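Trainee: I am new to this structure and would be grateful for a close look at one part of it. Would you please take the open sheet, and then say what lies around it and elsewhere in the model?

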Amino acid sequence: MGSGNKPSGKVVRVSTTSRTYDVYVVPGILDSCGELISKAAGGEHALVVSETNVAPLYLERVVSSLVSAGYEVSSHIFPAGEASKRAGTWAACLEAAAEAGLTRDDVIVALGGGVTGDIAGFAGASYMRGCAVAQIPTSLLAMVDSSVGGKTAIDLAAGKNLAGAFWQPRVVIADPRCLSTIGHDLFTDSCGEVIKHGVLADPNLFESLETKPLNAPGYDEAMLADIIARNVEIKRNVVDADERERGLRQTLNLGHTIGHAVEAASDFTLGHGTCVALGLCAIARAAAAMGELAKQDSERIERVVAAHGLPTDTDLDHETVVRLAHSDKKRHGDGVNVVLPRAIGSVEVRRMSMGEFAELVDAGCGTATCGTTAHLA
């Protein structure tokens with residue numbers, strides 16, 4: 001990921017019912033975060049929430065920028081990983097905010113990937129019944145998906161993302177240069193959400209991933225910034241129309257119902273994007289078997305996922321997939337809302353009984369025609 005002679009990027013405006021804010025996707029913008037946060041959120045105190053992998057890389061620069069913008073800054077660091085996305089970590093963040101003397105007029109800054117964004121965002125929604133949150137995503141998955149849209153959550157013993165709040169940030173600051181410090185495996189995992197967005201809403205994005213996988217060599221920072229911004233636009237268009245996930249926003253769960261089950265069964269050793277990609281392939285095969293999706297489109301989806309080095313299937317037994325789906329937050333009563341691809345760039349939300357969902361799992365899992373299988377112990 002080389003850099004050009006001058007920064008390039010894009011600013012995407014998100015306009016939900018509850019708040020309008022900007023998403024900056026600009027190489028080199030990290031060192032300007034203090035000024036942008038001050039303009040968007042105001043306040044006198046800032047609590048930077050980060051984790052043990054990201055903080056050594058970027059915390060000093062973020063704190064310096066915030067101090068230059070006039071903030072009194074504190075920080076709270078928690079252990080990296082999905083295992084930290086629990087009530088104890090969220091509560092510790094709230095205690096840190098109180099110890100730092102934050103008021104509801106101040107700001108919590110999330111510096112890191114999706115777990116950090118969820119913990120800090122949920123803390124912001126909870127602290128004094130709500131204070132400002134700024135998102136600084138440092139992973140590809142967080143940049144293209146989780147930092148935008150205001151969904152914040154923690155995991156419970158019964159399942160993923162079962163406690164949380166809708167709480168829109170005041171600003172999102174995504175610097176693609178931060179991606180130079182993450183490993184190839186983590187970058188590859190994040191590609192699952194990018195592929196999902198192409199299937200969901202953008203045939204041109206999907207075709208570009210067919211032509212050249214996003215994790216292949218040769219993408220410069222301007223090209224990467226454009227792809228990130230396009231993903232943000234796709235999510236923005238959905239969130240603006242349906243902030244609280246009562247209808248259209250459910251389409252963003254494409255690949256997630258099966259993907260979350262596999263992720264939970266792996267005890268979160270498999271990455272979220274990896275499981276979304278796997279779930280996307282499974283639901284595409286099932287949709288093709290049901291006559292809802294052309295077989296050639298299902299095969300295209302599998303090939304793109306495989307070309308990115310992501311698994312296209314799971315050896316997890318079908319009863320376990322269905323059982324874990326019972327705990328998924330997308331379940332409604334005795335049924336589940338499943339997002340079915342109808343074509344590349346078009347999907348439909350279908351309400352299914354758990355019996356119908358079990359038939360879908362039978363049709364989609366263990367039926368891959370290409371790629372690799374994610375093996376679970």
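Mentor: The account below begins with the sheet, turns to the helices and an aromatic pair, and ends with the cavities. Please bear in mind throughout that this is a predicted model.

The sheet is open and is formed by seven strands, which follow one another in the order β1-β2-β9-β6-β5-β3-β4, with mixed pairing. At its edges stand β1 (10-15) and β4 (72-78), each of which pairs on one side only. From one strand to the next, the twist averages 15°. In general, the strands of a sheet pair through backbone hydrogen bonds, in either a parallel or an antiparallel sense. Here, strand β5 (residues 107-112) and strand β6 (residues 132-137) are paired in the parallel sense, over six bridges. Within this pairing, alanine 110 stands opposite glutamine 135 of β6.

Two helices may be described together with the strands. Helix α2 (residues 55-68) packs on the sheet, where it touches β3 (45-51), β4, β5 and β6. The direction of α2 makes about 170° with that of β3. Helix α8 (residues 221-241), for its part, lies across β1 and β2 (20-25) and runs at about 10° to β1.

Two further helices are linked by aromatic rings. The count of aromatic pairs comes to one. Its members are tryptophan 90 and phenylalanine 122, whose ring centres are 4.7 Å apart and whose planes lie at 10°, so the pair is stacked; planes under 30 degrees apart count as such. Because tryptophan 90 lies in helix α3 (residues 87-99) and phenylalanine 122 in helix α4 (residues 114-126), the pair ties together parts that are 32 residues apart in sequence.

There remains the matter of enclosed space. A search of the whole structure finds two cavities of 30 Å³ or more. The second largest cavity holds about 40 Å³ of space. Glutamine 135, already met opposite alanine 110, is one of the residues that line this cavity. Others in the lining include Gly121, Lys151, Trp167 and Pro169, together with Ser146, Ser147 and Val148. By class, this lining has three nonpolar, seven polar and one charged residues.

The largest cavity contains about 60 Å³ of space. Among the residues that line it are Asn253, His256, Gly279, Val338 and Phe357. The elements that give two or more residues to this lining are α9 (256-265), α10 (272-289) and β12 (335-343). Of these, α9 gives the most, with three residues. The lining of the largest cavity has six nonpolar and five polar residues, and no charged ones.

Technical notes:
Residues numbered from 1 in each chain as written. Predicted model: local features only at pLDDT ≥ 70, side-chain atom pairs only at ≥ 80, totals over all residues. Heavy atoms only, no water. 1 Å grid on protein atoms, 1.4 Å probe; cavity = no way out; pocket = protein on both sides within 12 Å on 5 of 7 lines; lining within 4 Å. Points joined across faces, edges and corners; volume = space filled by probe spheres on them. Helix = DSSP H or I, 4+ residues; strand = E, 2+ residues; numbered from the N terminus. Nonpolar A, V, L, I, M, F, W, Y, C, P; charged D, E, K, R; others polar. Pairing = 2+ DSSP bridges. Axes fitted to C-alpha atoms, helices over the stretch in contact; angles between N-to-C directions. Contact = heavy atoms within 4.5 Å. Phe/Tyr/Trp six-rings, centres within 6.5 Å; stacked < 30°, edge-to-face > 60°.
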